[in-house]
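Work through the exercises below with the sequence and the structure open. Each task is followed by a solution in steps.

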Amino acid sequence: MEEPQENDVTSMGLDKDAPLQSTHPQISVSEFSCHCCYEILVNPTTLNCGHSFCRHCLALWWASSKKTECPECREKWEGFPKVNILLRDAIEKLFPDAIQGRIEDIQQNNNIVQSLAAFQKYGSDQVQLAPSAGPGRGNQPRGGGFFSGVLTALTSVAVVLLVYHWSSRESEHDLLVHKAVDKWTAEEVVLWLEQLGSWTSLYRDKFLSERVNGRLLLTLTEEEFSRTPFTIENSSHRRAILGELERIKALGVKPPQNLWEYKAVNPGRSLFLLYALKSSPRLGLLYLYLFDYTDTFLPFIHTICPLQDSGSGEDLVAQLLDLREPTWRQWREFLLKYSFLPYQLMAEFAWDWLEIHYWTSRFLIFNAVLLSVLELFSFWRIWSRSELKTVPQRMWRHFWKVSTQGLFVAMFWPLIPQFVCNCLFYWALYFNPIINIDLVVKEVRRLETQVL
């Protein structure tokens with residue numbers, strides 16, 4: 001016996017076009033409610049996890065959290081969510097009056113309308129970013145921006161090759177920071193002299209003609225520098241040479257006077273400072289103040305906050321060797337920038353070293369600008385979301401994270417190969433600005449989405 005197929009509802013005495021609530025009164029609005037607003041679903045949007053929400057509720061959730069995950073179970077969705085047409089049509093037939101009233105309320109709410117428009121634009125942008133990803137996956141957010149896997153791999157290979165090249169050069173040329181002063185040759189003494197500044201070219205030939213080696217250099221006094229054959233009449237030049245000479249007498253070796261020499265003497269500290277000043281500039285400067293005050297912090301503050309009555313640009317070396325305590329005027333300028341523009345301090349310090357580190361200083365200045373923009377975006381997000389009360393908690397979490405990471409690195413530092421450390425160092429120095437460009441572009445797009 002054949003069972004009725006097409007006219008099942010009619011054979012049971014029911015009109016297939018009649019509203020379902022008339023024959024099944026047990027179906028209520030609460031069974032089709034959104035778990036965000038707890039009202040009847042309007043344009044129900046079903047996620048991969050199976051949960052359905054009003055489309056405007058999902059748009060409001062995305063606009064406030066910027067998370068592509070279910071508001072209920074926190075499972076990330078794939079692609080860009082679409083309206084569940086079958087569920088929408090069923091609800092509109094079951095409860096037409098309730099749906100109509102909800103739609104009118106939604107259309108009168110500007111916040112909801114703007115969020116829906118931004119949400120839809122976000123979906124359209126995702127489709128344009130990945131048009132060939134295939135059905136169901138074309139709208140997945142891409143983690144690397146314009147950095148594809150191939151580009152990242154090629155960049156990593158380039159870093160390894162560059163590090164190998166620079167490491168071999170360092171091993172070929174014995175740095176003066178590792179060689180005792182009394183063993184310097186005349187050429188190495190001239191090299192030491194030239195690193196004091198461009199003004200030393202006036203005396204280079206005199207030192208060479210006298211064949212001043214390391215042992216002879218340690219015996220020279222201010223009187224001998226002022227007389228023939230050296231005849232250094234400029235008192236500032238004499239003070240700079242004598243000041244540096246006193247330092248190498250006390251240390252027995254040449255103190256580091258540029259980035260590469262500082263890295264050769266303090267490989268672990270240079271790597272720590274590079275990452276600390278990039279991700280935690282205020283904590284990094286606080287570390288210099290507490291634990292490296294004389295050798296690093298004083299030259300830093302005298303360079304970026306010079307005294308108003310200091311000499312001309314040729315006295316830069318004298319300022320770097322100045323171990324006097326900073327004045328209140330210098331502290332005031334430093335603390336103001338430290339509080340509000342910490343990355344500007346890095347940029348100003350790098351600017352003063354353009355003649356010595358031409359390209360490296362430019363990379364540092366450019367990266368400081370990008371990091372300042374990213375920090376500004378972070379403050380804007382906190383302000384726009386009214387999360388100022390969470391700032392102390394965020395600061396404590398950040399301080400704890402940096403402290404534990406620093407302790408972890410300090411414990412396992414001797415076990416890390418030098419080649420790996422060099423890779424990390426040059427990656428942060430030269431390739432991090434490229435990554436920060438991508439982050440800035442993403443933040444700008446996110447801001448445009450919020451505005452729209």
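**Exercise 1.** State how much area the protein chain exposes and what share of it carbon and sulfur atoms supply.

Solution. The model is predicted. Its protein chain exposes about 27,200 Å². Carbon and sulfur atoms supply 60% of that area.

**Exercise 2.** Describe the fold in numbers: helices and strands, buried residues, and contacts between residues far apart in sequence.

Solution. Start with secondary structure: the protein chain has 21 helices and two strands. Next, burial: 35% of the 452 residues count as buried. Last, take the contacts with a separation of 6 or more: 65% of them join residues 24 or more positions apart.

**Exercise 3.** Classify methionine 411 as buried or exposed, and place this residue in its surroundings.

Solution. Methionine 411 belongs to helix H20, which spans residues 391-412. Its relative accessible area is 54%. Exposed means over 50%, so methionine 411 is exposed. Methionine 411 also helps make a nonpolar surface patch of about 640 Å². The other members of the patch are Leu407, Phe408, Val409, Phe412 and Leu415.

**Exercise 4.** Determine which side chain of opposite charge is nearest to lysine 278, and which residues lysine 278 touches.

Solution. Locate lysine 278 in helix H13, residues 267-279. Lysine 278 is buried. The nearest side chain of opposite charge is glutamate 375, 13 Å away. A salt bridge requires a side-chain nitrogen within 4 Å of a carboxyl oxygen; lysine 278 has no salt bridge. Leaving out residues up to four places away in sequence, lysine 278 touches Tyr343, Asn367, Leu371 and Asn432.

Technical notes. Residues are numbered from 1 along each chain as its sequence is written. This is a predicted model: local features need pLDDT of at least 70, side-chain atom pairs count only at pLDDT 80 or more; totals for chains, interfaces and linings use all residues. Side-chain values use heavy atoms; hydrogens and water are left out. Patches are made of residues with over 30% relative accessible area and no salt bridge: like charges are joined within 9 Å, nonpolar side chains (Val, Leu, Ile, Met, Phe, Trp, Tyr) within 5 Å. Accessible areas come from the Shrake-Rupley method with a 1.4 Å probe; for residues, only the protein chains shown count as cover. Helices (H or I, at least four residues) and strands (E, at least two) are DSSP runs, numbered from the N terminus. Buried means under 20% relative accessible area, exposed over 50%, partly exposed in between (1.4 Å probe, protein chains only). Lys and Arg count as positive and Asp and Glu as negative; His and the chain ends are not counted. Contact means heavy atoms within 4.5 Å.
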